[in-house]
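User: Please take a close look at the salt bridges in this model. Where do they sit, and what lies around them?

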Amino acid sequence: MVAELDKNYINNKLDDLQHQLNKKYTKLLEKQNTAISNDILIDFCDQFFQKTKDQEGNTAIELLPFYDWFIENYSVKPLISSSKPLQKGTAKTYRNAYCIIKRFNDTVYRVRYDKINYKFYNDYLNWLYEQGYSTNYIGTQIKILKTILIASHELGYHTNTECRKKYFKKPTEVIDHIFLNTEELKRIKKLDLSDFKNIKTKTGVFLTKDKMDRARDLFLISANTGLRVSDFNKLEKDNIITVDNKKYFQLTTKKNNKPIIIPINSTVIEILNKRNGELPNKMPEQHINYALKIIGEKSGIDTLVKITRTTGGIKETEEYKKHQLITNHTGRRSFCTNAYLSGMPAIDIMAISGHSSERVFYNYIKANNLQRAMKISENKFFS
């Protein structure tokens with residue numbers, strides 16, 4: 001009925017159990033007039049594994065041990081839903097989420113399948129806000145917990161379906177992420193780095209002129225193709241195809257395993273020509289982020305931007321210079337927004353970006369109401 005646990009996971013658990021059981025047995029021996037029965041030791045083992053019984057009387061692994069096993073197991077074995085193991089970054093996010101709910105379990109009250117209800121949902125939500133987490137980060141915790149609860153239910157570990165009810169939803173907050181318009185992208189493209197002096201960031205990252213130039217080119221590729229950092233940072237010459245004298249990138253996206261073909265425009269052609277037909281070598285994502293903020297500052301992208309977000313249940317608004325907010329993902333968002341404002345049909349942009357619906361796409365792009373109205377006004381209906 002249930003999947004077989006990994007050998008390493010079992011061995012580690014058994015080693016830990018033996019250690020804890022020896023301690024328990026020693027304490028019982030120290031007590032006078034205490035009969036050491038099999039039942040006492042069996043109860044201790046059940047508590048150790050947080051075991052319960054399902055309706056048929058079968059032993060079922062409780063929520064947190066299953067959560068732990070789920071991450072270990074599906075980091076190497078394919079998920080039923082996607083037929084692929086958890087990606088390294090996803091597994092790390094799940095592990096962080098596990099550590100958070102375990103902290104709640106250790107400091108507030110034990111989390112069990114039979115405890116998952118409306119009261120738990122509110123208790124956990126309030127506790128997460130008290131820890132100072134942002135609304136969207138809390139939403140991620142709820143989303144992952146629902147995934148674990150549904151998976152354990154499907155494997156027959158419990159019969160609780162509270163997580164499928166409407167109230168058990170992930171909190172979300174729309175953050176006004178920036179995009180760079182075509183003029184700002186031109187400034188980045190034309191930035192002269194010839195006199196750039198090597199910089200060591202506060203975190204110890206050493207940025208050379210070559211790294212700055214590579215970061216700029218990688219970012220411009222993203223801003224002209226809509227590719228995520230996981231895709232534009234691994235492009236190779238083999239990803240370029242030529243049809244009727246027109247060049248295209250052909251690849252399969254890492255996030256959703258989707259094959260796509262993207263036309264290569266003049267900006268990207270210039271980058272290729274500068275590098276003798278080769279693409280920029282990949283860089284650590286965080287190094288690109290460090291470089292982009294410096295590049296943005298040197299390009300004079302310093303418009304003041306107000307960002308409002310809820311942290312720890314308190315809504316706060318902070319003001320930044322725009323270059324401080326530039327990240328790897330700004331390139332992709334800039335592509336989608338600028339392509340839309342240029343008149344490219346949303347359905348064509350979505351074929352590249354991979355957005356699943358127009359509702360999601362329009363929420364993603366950063367065209368404001370006036371910009372959208374101006375674009376709509378170009379339709380012959382309003383002429």
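Analyst: **Salt bridges up close**

Start with Arg 214, which counts as buried at 13% relative accessibility. Buried means under 20% relative accessible area, exposed means over 50%, and partly exposed lies in between, using a 1.4 Å probe and protein chains only. Before going on, note that this is a predicted model: local features need pLDDT of at least 70, side-chain atom pairs count only at pLDDT 80 or more, and totals for chains, interfaces and linings use all residues. Residues are numbered from 1 along each chain as its sequence is written, and side-chain values use heavy atoms, with hydrogens and water left out.

Arg 214 has a partner. Asp 210 forms a salt bridge with it, and the closest N and O atoms are 3.3 Å apart. A salt bridge here is a side-chain nitrogen of Lys or Arg within 4 Å of a carboxyl oxygen of Asp or Glu. Both residues belong to helix 8, residues 209-225. Helices (H or I, at least four residues) and strands (E, at least two) are DSSP runs, numbered from the N terminus. Asp 210 and Arg 214 are 4 residues apart in that helix, so about one helical turn separates them. Their exposure is not alike: Asp 210 is partly exposed at 47%, whereas Arg 214 is buried at 13%.

There is also a network. Salt bridges link Asp 213, Arg 216, Asp 217, Lys 274 and Arg 275.

How many salt bridges are there in the whole structure? The search finds 16. One of them joins the side chains of Glu 184 and Lys 322, at 2.9 Å from N to O. Glu 184 lies in helix 7, residues 182-190, and Lys 322 lies in the loop between strand 9 and helix 12 (328-341). They are 138 residues apart in sequence, so this pair ties together separate parts. Glu 184 is buried, with a relative accessible area of 5%. Lys 322 is buried too, at 11%.

Another pair is Lys 237 and Glu 278. Their side chains meet in a salt bridge of 3.8 Å, N to O. This pair links distant parts of the chain, 41 residues apart. Lys 237 is in the loop between helix 9 and strand 5, and Glu 278 is in the loop between helix 10 (266-274) and helix 11 (285-298). Lys 237 is partly exposed at 46%. Glu 278 is partly exposed as well, at 38%.

Now the surroundings of Lys 237. Asn 239 lies in the loop between helix 9 (229-232) and strand 5 (240-243). It counts as buried, at 17% relative accessibility. Its side chain reaches the backbone nitrogen of Glu 236 at 2.8 Å. Not counting residues up to four places away in sequence, Asn 239 touches Lys 234, Tyr 248, Phe 249, Gln 250 and Leu 251. Contact means heavy atoms within 4.5 Å.

Next, strand 9, which comes before the loop that holds Lys 322. Thr 317 lies in this strand, residues 314-321. Its side chain and that of Thr 308 are joined by a polar contact of 2.7 Å. A polar contact is a pair of N or O atoms within 3.5 Å; within protein, one must be able to donate a hydrogen and the other to accept it, and residues adjacent in sequence count only if both atoms are side-chain atoms. Leaving aside neighbours within four places in sequence, Thr 317 is in contact with Lys 306, Ile 307 and Thr 308. Thr 317 and Ile 307 are 10 residues apart in sequence, yet 5.5 Å apart in space, C-alpha to C-alpha.

What about disulfides? A disulfide is a pair of cysteine sulfur atoms within 2.5 Å, and the search of the whole structure finds 0. Among the cysteines, Cys 163 is buried at 3%, while Cys 99 is partly exposed at 43%.

Finally, the whole chain as a frame. It comes to 15 helices and 9 strands. Of its 383 residues, 41% count as buried. Of the contacts with a separation of 6 or more, 62% are between residues 24 or more positions apart.
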